[in-house]
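Here are my notes on the model you sent round. Keep the viewer open and follow along point by point.

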Amino acid sequence: MMPLTAVLGISESEDAVVRAMERLHAKGYAELETFSPLPSARLCEAPAMPASPVRFFALAGCLLGVVIGFAIPVATSLAWPIVVGGKPIVSIPPFIVIVFEMMMLIGGAVVWLSWVFLAKLIRPVRGPMAAVYDRRFSADRFGIAVSCNDEDDRQVETARQIMLAAGVEEVSVANR
């Protein structure tokens with residue numbers, strides 16, 4: 001894995017961070033991370049944000065719930081068969097309620113877990129942008145961090161110049 005350098009921009013203005021993010025994305029910088037002291041729709045609507053994969057986790061969780069919802073009652077019916085009036089041991093209509101409940105339970109749990117991890121609410125100790133986090137992002141400052149190749153000084157300097165031209169007040173470079 002090649003060493004990376006992070007260029008961090010800190011600003012009082014959300015507009016400056018949005019401008020910097022749009023310009024960096026236009027120049028081909030893909031690994032951007034923004035920091036905000038409050039929820040910001042403008043930072044979420046940035047062009048650098050890919051579509052969320054949560055919908056695929058929801059589909060997988062619901063399908064898993066359907067399979068488990070059918071497997072448990074069928075296995076239970078076959079393990080302890082009770083013949084009532086010549087009706088079949090495994091009858092699908094009574095299991096539909098259990099299937100629906102398992103689909104909702106497991107699908108909801110998988111969606112919640114995927115959201116927690118994809119939203120980075122649980123961060124690894126050594127995450128890619130953990131070294132650049134500033135405590136002021138929780139108080140009153142907006143920030144943007146971009147990853148650059150350590151061996152390419154032009155990439156770092158270009159990112160730095162783009163941030164300054166966009167109106168970001170503080171720009172620093174940190175090796176990770």
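1. One term before we start: a helix here means a DSSP run of H or I that is at least four residues long, and helices are numbered from the N terminus. With that in hand, look at helix α5, which covers residues 153-166 and holds both Glu-157 and Arg-160. The two sit three residues apart, about one turn of the helix. They form a salt bridge, with the closest N and O atoms 3.5 Å apart. How exposed is each partner? Glu-157 is partly exposed at 37% relative accessibility, and Arg-160 is partly exposed too, at 28%.

2. Please remember that this is a predicted model. The chain averages a pLDDT of 84, and 86% of the residues score at least 70. Where is confidence lowest, and where is it highest? The low end is helix α2 (residues 41-44), with a mean of 78, while helix α3 (residues 54-79) comes out on top at 95. As a general habit, don't read predicted coordinates in detail where pLDDT is low.

3. Now the overall layout. The chain has five helices and four strands. Starting from the N terminus, the order is β-α-β-α-α-α-β-α-β. The chain has 176 residues, and 31% of them count as buried.

4. Back to charges for a moment. Side chains of opposite charge can pair when their charged atoms come close. How many salt bridges does the structure hold? There are six. Besides the one in point 1, have a look at Arg-136 and Asp-134, whose side chains meet with 2.9 Å from N to O. Arg-136 is partly exposed, at 29% relative accessibility.

5. Another salt bridge joins Arg-141 and Asp-140, at 3.3 Å from N to O. Is Arg-141 buried or exposed? Arg-141 is buried, because its relative accessible area of 19% falls under the 20% cut-off. Asp-140 is partly exposed, at 44%. These two also belong to a network of salt bridges that links them with Glu-12.

6. Next, the strands. Strand β2 (residues 32-35) and β3 run antiparallel and are joined by four bridges. If you want one pairing to click on, try Leu-32, whose bridge partner in β3 is Val-146. Strand β3 itself spans residues 142-149, and seven of its eight residues are buried, so the strand is largely enclosed by the rest of the structure. A handy rule for looking at strands: in a regular one, the side chains alternate between the two faces of the sheet.

7. Then there are the aromatic rings. The structure holds one aromatic pair. Phe-35 and Phe-137 make up this pair, which is stacked, with 4.7 Å from centre to centre and 0° between the planes. Phe-35 lies in strand β2 and Phe-137 in the loop between α4 and β3, so the pair ties together parts that are 102 residues apart in sequence. Both rings belong to buried residues: Phe-35 has a relative accessible area of 6%, and Phe-137 has 1%.

8. What about the outside? A nonpolar surface patch of about 590 Å² is made by Trp-112, Leu-113, Trp-115, Phe-117 and Leu-121. One of these, Leu-113, lies in helix α4 (residues 92-118). Leu-113 is partly exposed, with a relative accessible area of 42%.

9. Finally, two pairs that are far apart in sequence. Leu-59 is in helix α3 and is exposed, at 52% relative accessible area. How far is Leu-59 from Gly-107 in sequence and in space? They are 48 residues apart in sequence and 7.4 Å apart in space, C-alpha to C-alpha. The other pair starts from Arg-23, which lies in helix α1 (residues 14-26) and is partly exposed at 37% relative accessibility. Arg-23 and Met-163 are 140 residues apart in sequence, with 8.3 Å between their C-alpha atoms.

How values were computed
Residues are numbered from 1 along each chain as its sequence is written. This is a predicted model: local features need pLDDT of at least 70, side-chain atom pairs count only at pLDDT 80 or more; totals for chains, interfaces and linings use all residues. Side-chain values use heavy atoms; hydrogens and water are left out. Patches are made of residues with over 30% relative accessible area and no salt bridge: like charges are joined within 9 Å, nonpolar side chains (Val, Leu, Ile, Met, Phe, Trp, Tyr) within 5 Å. Accessible areas come from the Shrake-Rupley method with a 1.4 Å probe; for residues, only the protein chains shown count as cover. A salt bridge is a side-chain nitrogen of Lys or Arg within 4 Å of a carboxyl oxygen of Asp or Glu. Buried means under 20% relative accessible area, exposed over 50%, partly exposed in between (1.4 Å probe, protein chains only). pLDDT is the predictor's confidence in each residue, from 0 to 100. Two strands pair if DSSP finds at least two bridges between them. Rings of Phe, Tyr and Trp (its six-membered ring) pair if their centres lie within 6.5 Å; planes under 30 degrees apart count as stacked, over 60 as edge-to-face and the rest as tilted.
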